[in-house]
Amino acid sequence: MFSFLKFNPIKKLDKEYGVLLEKAMQAQRGGDIKRYSELTEQAEAVKAKIDEAKSA
């Protein structure tokens, strides 16, 4: 009945994933390739968590 009140962890992870990709893009445009690669790696880790949560 109140399923809309349940917490959805995938939404939170998806938002975090988008933010990390946006920051990575800005770092790349700014010429900071090291920071870009760090942020991309973090985004890939979050994407793995999203895929794991969806499969569970």
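Student: In what handedness of crossing does α1 pass α2?

Tutor: Good place to start! Keep in mind that this is a predicted model. Helix α2 covers residues 33–55, while helix α1 covers residues 9–29. Where α1 passes α2, the crossing is left-handed.

Student: Are α1 and α2 roughly parallel or roughly antiparallel to each other?

Tutor: Let's look at the angle. The two axes come within 8 Å and cross at roughly 160°. Angles over 145 degrees count as roughly antiparallel. The helices α1 and α2 are therefore roughly antiparallel.

Student: How many nonpolar residues does the contact of α1 with α2 have?

Tutor: Sorting the contact by class helps here. It has 7 charged and 3 polar residues, and its count of nonpolar residues is 14.

Student: Is E16 buried, partly exposed or exposed?

Tutor: E16 is found in helix α1. Its relative accessible area is 37%. Buried means under 20% and exposed means over 50%, so E16 is partly exposed.

Student: What distance separates the C-alpha atoms of E16 and A43?

Tutor: Along the chain, E16 and A43 are 27 residues apart. In space, their C-alpha atoms are separated by 8.0 Å.

Student: And what distance separates the C-alpha atoms of Q26 and D14?

Tutor: Q26 lies in helix α1. Along the chain, Q26 and D14 are 12 residues apart. The separation of their C-alpha atoms is 19 Å.

Student: What is the relative accessible area of Q26?

Tutor: Here you can use the cut-offs again: partly exposed is between 20% and 50%. Q26 is partly exposed because its relative accessible area is 41%.

Notes: Residues numbered from 1 in each chain as written. Predicted model: local features only at pLDDT ≥ 70, side-chain atom pairs only at ≥ 80, totals over all residues. Heavy atoms only, no water. Helix = DSSP H or I, 4+ residues; strand = E, 2+ residues; numbered from the N terminus. Buried < 20%, exposed > 50% of the residue type's maximum accessible area, 1.4 Å probe, protein only. Axes fitted to C-alpha atoms, helices over the stretch in contact; angles between N-to-C directions. Parallel < 35°, antiparallel > 145°, perpendicular 65-115°, else oblique. Left-handed = near helix turned anticlockwise from the far one by under 90°. Nonpolar A, V, L, I, M, F, W, Y, C, P; charged D, E, K, R; others polar.
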